[in-house]
Amino acid sequence: MKVAIIMGSDSDYQIMKKSAEVLKKFGVDFEVSVISAHRDLDRLTTYIKSAKDNGIEVIIAGAGKAAHLPGVIAAMTTMPVIGVPIKSSTFDGMDALLSIVQMPPGIPVATVAVDGSDNAALLAVSILAMKYEVLEEKLISYRETMKSQVLEKDKKIKEEAEQIWKS
C-alpha cells in the first residue's frame with residue numbers, strides 16, 4: 001500500500017507534510033514529489049503513467065491559486081485522486097478550492113478543506129482500508145481514540161462549568 005503526495009510547488013510542503021505524518025502514523029508507505037502541472041507537464045505525465053507500476057494506489061495532490069494539478073492528474077489516471085486546496089495570499093484558498101471541487105463530469109477529484117492535507121491522508125487510508133483490513137482496524141482504533149478525547153474534554157468542561165455555578 002502506497003500513496004503519492006504531489007504538490008505543485010515547494011512552498012506547499014508545509015501544508016502537505018501533514019499528509020505524510022498521518023500516513024506514517026497508519027503505516028502507509030508514501031512518496032513525496034514537487035511536480036508542476038503548468039511548468040513540467042511532461043514529467044507529470046511520465047510520473048502518473050508509471051505510478052500504478054510503482055505501487056501507487058491513491059494520489060493526494062495539493063495546489064494553490066488556480067489549482068489545476070489534481071484535475072490534470074485525475075484526467076491521466078483511474079486511480080483515486082484527492083485534491084488539497086492550498087491557501088494563498090490572494091483569495092484565502094477559495095480560488096484553489098473552487099478549481100478543485102468544480103471538476104467537469106467524468107473526471108472526479110475528491111476534495112478536502114482548504115489546507116486539509118491531514119484529512120486527505122485519512123481519506124486515502126479509508127480508501128486503502130477497503131483492500132487492507134489492517135488499515136480498517138487502525139481507523140477504527142483512531143476514531144475510538146478521538147471519541148475518548150471528546151468525552152474527556154466534555155467531562156473537563158462540565159467540571160469547570162459546575163465550579164462557575166457553585167461560586
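## Burial and the strand pairing of charges

A residue counts as buried when its relative accessible area is under 20%, as exposed when that area is over 50%, and as partly exposed in between. In this predicted model, Lys-2 has a relative accessibility of 17% and is therefore classed as buried, while Glu-31, at 22%, is classed as partly exposed.

These residues form a salt bridge in which the closest N and O atoms lie 3.0 Å apart. The pair links distant parts of the chain, since Lys-2 belongs to strand 1 (residues 2-7) and Glu-31 to strand 2 (residues 29-34), with their positions 29 residues apart in the numbering.

## Other salt bridges

The count of salt bridges in the model comes to 6. One of them joins the side chains of Lys-158 and Asp-154, with an N to O distance of 3.2 Å; because these residues are 4 apart in helix 6 (residues 133-166), they are separated by about one helical turn. Lys-158 has a relative accessible area of 52% and is exposed, whereas Asp-154, with 36%, is partly exposed.

Another salt bridge is formed between the side chains of Asp-92 and Lys-87, at 3.8 Å from N to O. Here Lys-87 has 47% relative accessibility, and so counts as partly exposed.

## Nonpolar cores

In soluble globular proteins, nonpolar side chains tend to be buried together. In this model the largest nonpolar core has 25 residues, and those with the most contacts inside it are Val-3, Leu-23, Phe-26, Val-28, Ile-60 and Val-84. The elements that contribute two or more residues to this core are strand 1, helix 1 (13-25), strand 3 (58-64), strand 4 (81-86), helix 5 (117-129) and helix 6, and the largest share, 7 residues, is that of helix 5.

When its neighbours within four places in sequence are left aside, Phe-26 is in contact with Leu-122, Val-125, Leu-135, Lys-138, Leu-139 and Tyr-142. A second core, separate from the largest one, has 22 residues, among them Ile-6, Leu-69, Ile-73 and Val-109.

## A nonpolar patch on the surface

Some nonpolar side chains are found at the surface instead: Phe-91, Met-94, Leu-98 and Val-101 form a patch there, and together they have about 390 Å² of accessible area. Within this patch, Leu-98 is located in helix 4 (residues 94-101), and because its relative accessibility is 45%, Leu-98 counts as partly exposed.

Technical notes: Residues are numbered from 1 along each chain as its sequence is written. This is a predicted model: local features need pLDDT of at least 70, side-chain atom pairs count only at pLDDT 80 or more; totals for chains, interfaces and linings use all residues. Side-chain values use heavy atoms; hydrogens and water are left out. Patches are made of residues with over 30% relative accessible area and no salt bridge: like charges are joined within 9 Å, nonpolar side chains (Val, Leu, Ile, Met, Phe, Trp, Tyr) within 5 Å. Accessible areas come from the Shrake-Rupley method with a 1.4 Å probe; for residues, only the protein chains shown count as cover. A salt bridge is a side-chain nitrogen of Lys or Arg within 4 Å of a carboxyl oxygen of Asp or Glu. Buried means under 20% relative accessible area, exposed over 50%, partly exposed in between (1.4 Å probe, protein chains only). A nonpolar core is a set of buried Ala, Val, Leu, Ile, Met, Phe, Trp, Tyr and Cys residues joined through side-chain atoms within 4.5 Å. Contact means heavy atoms within 4.5 Å.
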